[in-house]
Structure formats: structure tokens, C-alpha cells
Amino acid sequence: YRHVANGSLIVMSNFHLNRLANTLLNNWQLAPLFHITDGQPINVSSGQDTSLTDMGNDRPNLINPGQIYTGKAITRTSAGNMYYLSAGAFAQASLGTYGNVGRNSLRGFNNVQIDAEINRSFPLKEQMALHLRLEAFNVINHPNLGNPNSSLASSTFGQVTSSGSPRIFQVAAKLTF
């Protein structure tokens, strides 16, 4: 800025403004990272030792294949739906038998996450530079839900009680000399 004798204030000349704009706006680097994965396997267990083998790996019987998934939207509110699996599709196997549900035969939710980084180095003097970096994780704040409780004996069977990280930002500055 320059103050002129008549009291008016003059903004920088175009040359200085363009140089400042170029210094601030050019040479940024953007690095996006896309994570898209299929749902993790769900191993439905009976939660009881129905096979009488004392192993604890027993699975229930599938009695209603058309009703495994509830098909309802999962919401975060306590009054909302948190059920992904329907307990009515499964039944405990008879004592001394193994259930017919296969190991890891069901799938959880697909996960989508976009991370990004933007950074730039600002040369200060011959051997000095300021490096700025902004990182954002889960930029779109997509809810990546965890697998539901898969123990049929549990009172929370089929409920989703965990999720991935929310959107997170972090900033870093480094001065090298």
C-alpha cells in the first residue's frame, strides 16, 4: 500500500499484485486418495456350544434365506434403525449338531473414503523454505459402518454399533534451513 499526499490510499500496482497472487496461488500440489472396498465378511455364530465339542465356533441354522438382511437404512439415532441382520432368519442348531450357515458367508457394508492432501513450499531465502501442508481424511464425511454383532445368542444380534472415523483435518508447517 502507498499513501499519497492528497490523503488517498493506493493499492499495489498490478505488477506487485500479480507477483503476490502468483506467489500465493501457484505451485500448490493436490494429492487425492480414494479407498473403495467391499464389505468385510460376517461370520454368524450361535453363541452357544450346540455341537457339544467345547470349541465355541458353532454356527446357527439358516431357516429363512429371504430375510437375512433387514433392508432398512441404518441411522445413528437411538430411536432409529440399527439392525442390519434379522434374527428371524436364523435359529440355534439342535444339540449335538452343527448349523448350516457357512463361515464368513455374509458381507458387511462397502466402505468409501476419500482422503486428500494439499501442500506447497514457499522459498524464503537461499537455503530457507516454509513448507505448508493440509491433510483431510474422509473428506466427504461418508459413514463407513462396521460389521454388526453376529452372535445369535446376543441381545444386540444384527445391530451395527461401530463406524469408521469422521472427517478429520490436520495442518502442518515446517521450516527448513
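## Salt bridges around R133

In this predicted model, R133 forms a salt bridge with E135, and the closest N and O atoms of that pair are 3.0 Å apart. R133 also meets the side chain of E117 in a salt bridge, with an N to O distance of 3.1 Å. Because E117 belongs to strand β8 and R133 to strand β9, this pair ties together parts of the chain that are 16 residues apart in sequence. The structure holds two salt bridges, and, through the partners that they share, E117, R133 and E135 are joined into one network.

How do the members of this network stand with respect to the surface, buried or partly exposed? E117 counts as buried, because its relative accessible area of 16% falls under the 20% limit used for that class. E135 is likewise assigned to the buried class, at 15% relative accessibility, whereas R133, at 38%, is partly exposed. As a general matter, side chains of opposite charge can pair when their charged atoms come close.

## E117 and N119 on strand β8

Strand β8 covers residues 111–123 and contains E117, and N119 has its place in strand β8 as well. A polar contact of 2.4 Å joins the side chains of N119 and E117, so that E117 takes part both in this contact and in the salt bridge with R133. N119 is buried, with a relative accessibility of 17%.

When residues up to four places away in sequence are not counted, E117 touches Q29, L30, A31, R133, L134 and E135. With neighbours within four places again left aside, N119 is in contact with N27, W28, Q29, L132 and R133. Q29 and R133 thus appear in the contacts of E117 and also in those of N119. In addition, N119 and A172, which are 53 residues apart in sequence, have their C-alpha atoms 9.3 Å apart in space.

## A nonpolar surface patch

W28, L30, I118, L134, F169 and V171 form a nonpolar patch on the surface, and together they present about 610 Å² of accessible area. L134 is located in strand β9, which spans residues 129–137, and at 33% relative accessibility it counts as partly exposed. Two members of the patch, L30 and L134, are among the residues that E117 touches, while W28 is one of the contacts of N119.

## The largest nonpolar core

Which residues touch the most other members of the largest nonpolar core? They are V44, L85, F90 and L106, in a core of 13 residues. Apart from neighbours within four places in sequence, L106 is in contact with Q40, P41, I42, V44, I68, Y69, L85 and F90, a list that includes V44, L85 and F90 from the group just named. In soluble globular proteins, nonpolar side chains tend to be buried together.

## The chain as a whole

The protein chain contains one helix and 10 strands, arranged along the sequence in the pattern β-β-α-β-β-β-β-β-β-β-β. Of its 177 residues, 21% count as buried, and the accessible surface comes to about 12,200 Å², with 55% of it belonging to carbon and sulfur atoms.

Among contacts between residues at least 6 apart in sequence, 69% join residues that are at least 24 apart. A separation of another kind is given by T75 and V160, which lie 85 residues apart in sequence and 9.4 Å apart in space, C-alpha to C-alpha. T75 is placed in the loop between β5 (61–62) and β6 (90–91) and is partly exposed, with a relative accessible area of 34%.

Key. Residues are numbered from 1 along each chain as its sequence is written. This is a predicted model: local features need pLDDT of at least 70, side-chain atom pairs count only at pLDDT 80 or more; totals for chains, interfaces and linings use all residues. Side-chain values use heavy atoms; hydrogens and water are left out. Helices (H or I, at least four residues) and strands (E, at least two) are DSSP runs, numbered from the N terminus. Buried means under 20% relative accessible area, exposed over 50%, partly exposed in between (1.4 Å probe, protein chains only). Contact means heavy atoms within 4.5 Å. Accessible areas come from the Shrake-Rupley method with a 1.4 Å probe; for residues, only the protein chains shown count as cover. Patches are made of residues with over 30% relative accessible area and no salt bridge: like charges are joined within 9 Å, nonpolar side chains (Val, Leu, Ile, Met, Phe, Trp, Tyr) within 5 Å. A salt bridge is a side-chain nitrogen of Lys or Arg within 4 Å of a carboxyl oxygen of Asp or Glu. A polar contact is a pair of N or O atoms within 3.5 Å; within protein, one must be able to donate a hydrogen and the other to accept it, and residues adjacent in sequence count only if both atoms are side-chain atoms. A nonpolar core is a set of buried Ala, Val, Leu, Ile, Met, Phe, Trp, Tyr and Cys residues joined through side-chain atoms within 4.5 Å.
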